[in-house]
Amino acid sequence: MNDAELQAWIERISQESFGIPFRHRARFNPRLRSTGGRYFLKSHDIEINPHQLEANGLDEVEKIIKHELCHYHLHLQKRGYQHRDPEFKALLAKVGGSRFCSHLPTTVKPKRRVEPYRYELRCERCGTSYKRKRRMDPRKYACGKCRGRLELFLLKTT
Ligand SMILES: [Zn+2]
Ligand SMILES: [Zn+2]
C-alpha cells in the first residue's frame with residue numbers, strides 16, 4: 001500500500017464511520033517506531049506507522065486510523081479531542097477505534113510492585129487506626145489525634 005492508497009482508505013473510513021470528509025493529508029511514516037499513528041494539531045495531517053500494517057494487518061490499522069480520525073474531527077470541531085475527554089471516549093467507542101492509545105510506546109514499563117500494609121497501629125483510647133508497611137514499636141509513638149497509647153496488630157496480606 002502506498003500513500004495515495006492510504007489517503008483514499010482514510011477518506012473512505014472518514015466518510016463511512018464519521019459521515020464527514022477527511023480533507024487533509026495522510027501518509028505513511030516508517031520512522032514511527034513506538035506509535036501506531038499520529039495526528040498533527042497544526043497541519044491536521046495524519047501519519048500511520050507502516051510497520052503496524054505488516055505486524056497487525058488491515059483490521060488493526062483501520063482501528064488506529066479511526067482513533068486518529070477521532071482526534072482529527074473533534075479537534076476541527078473544537079470539541080474535546082484529547083484522550084481524557086468524554087467526547088473523545090464516546091466517539092472512539094461509537095466508531096470502534098483502537099482503545100489503546102496509539103501514541104504510547106508499545107513496550108510497557110513493568111509496574112513497580114506496590115508494597116502492602118502489613119501492620120496496623122490502633123489507638124486504645126479513640127480507636128483511630130494507622131496502617132504501616134514496616135514494623136514499628138508502638139511504645140515509641142502516641143496517637144496523632146488524642147495522644148493515646150497505641151497497640152500493634154499484624155495484618156493479613158493476600
Ligand atoms: Zn490518540
Ligand atoms: Zn487516639
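These legends walk through four close-up views of a predicted model. Local features need pLDDT of at least 70 and side-chain atom pairs count only at pLDDT 80 or more, while totals for chains, interfaces and linings use all residues. Residues are numbered from 1 along each chain as its sequence is written, ligands are numbered from 1 in the order in which they are written, and side-chain values use heavy atoms, with hydrogens and water left out.

**View 1. Two domains of the protein chain.** Domain 1 covers 3-95 and domain 2 covers 119-154, with bounds from an automatic or database domain assignment. Their C-alpha centres lie 55 Å apart.

**View 2. The zinc ion (ligand 2) and its donors.** Cys-123, Cys-126, Cys-143 and Cys-146 each offer SG, at 2.3 to 2.4 Å from the zinc ion (donors are N, O and S atoms within 2.8 Å of the metal, or 3.2 Å for Na, K and Ca). The arrangement is tetrahedral because the four donor atoms subtend angles of 100 to 117° (all angles must lie between 85 and 135 degrees). In sequence, the donor residues follow C-x2-C-x16-C-x2-C.

**View 3. The largest nonpolar core.** This core has 22 residues, and Leu-6, Ile-10, Ile-46, Ile-48, Ile-65 and Leu-69 touch the most other members. A nonpolar core joins buried Ala, Val, Leu, Ile, Met, Phe, Trp, Tyr and Cys residues through side-chain atoms within 4.5 Å, buried meaning under 20% relative accessible area (1.4 Å probe, protein chains only).

**View 4. Around Leu-6.** Leaving aside neighbours within four places in sequence, Leu-6 is in contact (heavy atoms within 4.5 Å) with Met-1, Ala-26, Arg-27, Phe-28, Ile-48 and Ile-65.

Technical notes:
Tetrahedral: all angles 85-135°; square planar, octahedral: opposite > 155°, others 65-115°. Buried < 20%, exposed > 50% of the residue type's maximum accessible area, 1.4 Å probe, protein only.
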